Amino acid sequence: MNKDDFVKYFQNLSLHKDNVISKEAIELVMQYYSDYKKEKLPVIWLETNDSGDNNISFMNTTYPYLDRVFTEMIDLLYSNTFMAAQGKDALDILNNTAKYYAGKFTLVVEGAIPIKDQGLYNVIAVTEQQPLTALKVVTWLGGLAKYVVAIGTCASFGGPSGARPNLTGSMGVKDVLKRQVVNVSGCPVNPDWFVGTLAHLILYGMPDLDELGRPKLFYGFTIHRHCQRRSYFDRNQFALKLGDIECMFSLGCMGPRTGADCPYRLWVNHVNWPVKANTPCIGCTNADFPDGSTPFFTPMPEKSPQE
Ligand code: SF4
């Protein structure tokens, strides 16, 4: 399958019965490994300022399940969350991985980077010499990585960690590194967006990105474009309260200016998504989330202006 077909394949999930697209993606990756005798994608995963929601959402991947991602797609060399090693052992692994896989590994950052007060609001490790802040470690590893992937809206744009009044000076990875970063935003990320991005990196390298650095194949269209309540919007029929069946623009829905494929990819093993569950889209993939989306249940023109 060539790259164009791959992109169409992922975008056209709604055309496929049983949502088997990710399941088929891993078969493609396996075929690629056996055809080209490549090693799995080496990954260093750092968790910084966030709530941990992205790794939990990632663990909900179903096609493929998590075990197949770890055993057949990626070689997770270091992860604050998933590894057993602690303390000096963990730091040794991080140092050795950076040394031996320089220029080859993919750096996944989950969380924003606080830069205020020399970055002391997030410390990855404490050595006898110094605290290793997220700012230092991400800057160090970001310079050695082949690809940098920001998972979640905090890592992509600052997100809730960087929301007003942002006392820690938290910002997205791209603003710290000044290099190309693949932003896989969402609060949390949909597991398909992240696993699909990894699959693209393995098979074809860098995906086509939108103006916010996000893979177009997942973020290329607005929620509003494919929303099942769109016909109500077009007829100016708006919900008066949660639970009404009409369009929820009146209840603060951010769908018209939020890029993501939630209406047809769905969540929780492709079962549901917010509008289908009677609550407005809160625009969690946006660069100005959450400040640009609040108050959540206030119509878009009346939301708080940005400072
Ligand atoms: S509910 Fe939201 S996304 Fe759906 S049609 Fe209305 S404004 Fe658009």
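How far apart do the C-alpha centres of domain 1 and domain 2 lie? In this predicted model, the separation comes to 27 Å. The domain assignment puts residues 3-219 in domain 1 and residues 223-302 in domain 2. Where the two touch, domain 1 brings 20 residues to the contact and domain 2 brings 15. On the domain 1 side, helix 7 (153-157) and helix 10 (216-219) each chip in with at least two residues. Sorted by class, that side of domain 1 holds eight nonpolar, nine polar and three charged residues.

Next comes the sheet. Five strands form an open sheet in the order 2-1-3-7-9, and the pairing is parallel. Strand 2 (74-79) and strand 9 (182-184) sit at the edges, each pairing on one side only. On average, neighbouring strands in this sheet are turned by 25 degrees against each other, ignoring direction.

Strand 3 is a good place to look at the sheet in detail. Strand 3 covers residues 106-110, and because five of its five residues are buried, the strand is largely enclosed by the rest of the structure. Its side chains split into two sets: T106, V108 and E110 point one way, while L107 and V109 point the other way. The charged-looking name in that list is no exception, as E110 is buried along with the others.

Strand 3 also has a partner on each side in the strand order 2-1-3-7-9. Strand 1 (residues 41-47) runs parallel to strand 3 and is joined to it by five bridges, with L46 standing opposite V109. Strand 7 pairs with strand 3 in the parallel sense, again over five bridges, and here V109 stands opposite A150. Moving on from A150, the trail leads to strand 9, where its bridge partner is N183. Strand 7 (residues 147-151) and strand 9 run parallel and are joined by three bridges.

What about the ligand? The shell around the ligand has 14 residues, of which H224, C227, C247, C253 and G255 come nearest. Helix 11 (223-226) and helix 12 (230-234) are the elements that give two or more residues to this shell. By class, the shell has ten nonpolar, two polar and two charged residues.

A few backbone oddities are worth a look. Most residues other than glycine have a negative phi, and most peptide bonds are trans. Against that background, R164 and P165 are joined by a cis peptide bond, with omega at about 5 degrees. P165 lies in the loop between helix 7 and strand 8 (170-171). A cis peptide bond also joins F289 and P290, where omega is about 5 degrees, and P290 is placed in the segment after helix 13.

As for phi, Q118 is not a glycine, yet its phi is positive at about 55 degrees. Q118 lies in the loop between strand 4 (113-114) and strand 5 (123-126), and it counts as exposed because it has 12 other C-beta atoms within 10 Å. N278, also not a glycine, has a positive phi of about 70 degrees. This residue lies in the segment after helix 13 and is partly exposed, with 14 other C-beta atoms within 10 Å.

A277 is found in the segment after helix 13 (262-265) too. With 10 C-beta neighbours inside 10 Å, A277 counts as exposed. Its C-alpha atom is separated by 8.7 Å from that of G243, a residue 34 positions away along the chain.

Note on methods:
Residues numbered from 1 in each chain as written. Predicted model: local features only at pLDDT ≥ 70, side-chain atom pairs only at ≥ 80, totals over all residues. Helix = DSSP H or I, 4+ residues; strand = E, 2+ residues; numbered from the N terminus. Buried ≥ 20, exposed ≤ 12 C-beta atoms within 10 Å, placed from the backbone. Pairing = 2+ DSSP bridges. Axes fitted to C-alpha atoms, helices over the stretch in contact; angles between N-to-C directions. Domains from an automatic or database assignment. Contact = placed C-beta atoms within 7 Å. Nonpolar A, V, L, I, M, F, W, Y, C, P; charged D, E, K, R; others polar. Near = placed C-beta within 6 Å.
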